[in-house]
Amino acid sequence: MAALTGLDLHVDEGEIVSVIGPNGAGKSTMFNVITGMYPPDEGDILFRDGSVVGLAPNRVTRLGIARTFQNVHLFPNMSVLENAMVGHHVRTRTGVVGAVLRTPAARREEERIRERAKAALDFFGSRLQGYRQEQPAFSLSYANRRRLEMARAIATEPSLILLDEPTAGMNPKETLELRDNIVRMRDELGLTVLVIEHNVDVMRSADWLLDLGPEGGEAARRRLADLDDQIARADTLFTRALARFPEATRLELTHLGRITRTRDSVRIDGLNTAERARTDSAFWEAADPLLSTPENEARLEYYARLA
């Protein structure tokens, strides 16, 4: 199985680029290759005119590339502050002897790490300030655990930050707040941002979109205007499909939750697992007569699947 075949990507300093595409397109794989988690079979990755291919992830981080993960990766039993301090470890100089003996230089360096970690946490305001910094990471809400992972990435002092679906699991208010934080990362911290995201509001904060396309497809640079056009086409097709639901199902959706459409998903809030599975089955049964052409089939699968 091949991923990222023929990908040619150039990001200028200070840009926010939203990486989009369906499941299996290679979005997270691209981040894994850039950060040294996966070695590429061919091609090169240049950062500040130097290749990062073959470097270990910690060396890539030291060069100035930080990332978050699709699934939150934290040290749950360590405090919020300690988790953020871990991010600055790549900038330390104290060796094993100094750490064991607690030399004055080691203590001064630890204090600098602590202050840098606090500054990274303060970026997210009251969400990660005060008493929360002494709490264990597992006690945080899901949204704050995602913020903590981003704070840890900021604590590495990067110039390029890769965010893998940072708003996943957040409610609409939290999503808009994080969208503003992404813009602040560029405007206040001077970071270049690559963000994998499915939420349209977050995409609109980007300078341009990198569309990896369907699995095995060709990547393309998109304008935000292209996004609006795709949403309009998907909205029309989805509305036609939804109209074919049995009346009982439509009434059930009205009572159980609400429908929100994004670029490549339709979310029905308020459903438990069994209800979601039943709704998914009913949707595709209703949509099936509309799938008269490969183009419509691909578009419906890509832009209007139940998430």
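**Pocket, helix packing and confidence**

Student: What is the volume of the largest pocket?
Tutor: This is a predicted model, in which local features need pLDDT (the predictor's confidence in each residue, from 0 to 100) of at least 70 and side-chain atom pairs count only at pLDDT 80 or more, while totals for chains, interfaces and linings use all residues. Residues are numbered from 1 along each chain as its sequence is written, and side-chain values use heavy atoms, leaving out hydrogens and water. On a 1 Å grid probed at 1.4 Å, a pocket is an open set of points with protein on both sides within 12 Å along at least five of seven lines, and its lining residues have an atom within 4 Å of a point. For the largest pocket, the volume (the space filled by probe spheres set on the points) is about 1,200 Å³.

Student: Which element gives the most to the lining of the largest pocket?
Tutor: The lining has 33 residues, and those closest to the pocket centre are Leu9, Ile34, Asp44, Ile45 and Leu46. At least two lining residues each come from strand S2 (46–47), strand S6 (192–196) and helix H1 (27–34), as DSSP runs of at least two residues for strands and four for helices. The most, four residues, come from H1.

Student: How is H3 oriented relative to H5?
Tutor: The axes of H3 (residues 80–87) and H5 (residues 104–122) come within 8 Å and cross at roughly 105 degrees. Because angles of 65 to 115 degrees fall in one class, the orientation of H3 to H5 is roughly perpendicular.

Student: Which residues of H3 make the contact with H5?
Tutor: Contact means heavy atoms within 4.5 Å. H5 contributes Glu110, Ile113, Arg114, Ala117, Lys118 and Leu121. From H3 come Val80, Leu81, Ala84 and Met85.

Student: How is H6 oriented relative to H7?
Tutor: H6 (residues 142–155) and H7 (residues 172–187) pack at about 5 degrees, with axes 12 Å apart. Because angles under 35 degrees share one class, the orientation of H6 to H7 is roughly parallel.

Student: How many contacts beyond four places in sequence does the model have for residues 290–307?
Tutor: The protein averages a pLDDT of 79, and 70% of the residues score at least 70. Over residues 290–307, however, pLDDT stays under 50. Where pLDDT is low, the predicted coordinates should not be read in detail. For residues 290–307, the number of such contacts is 45.

Definitions and conventions. Axes fitted to C-alpha atoms, helices over the stretch in contact; angles between N-to-C directions. Parallel < 35°, antiparallel > 145°, perpendicular 65-115°, else oblique.
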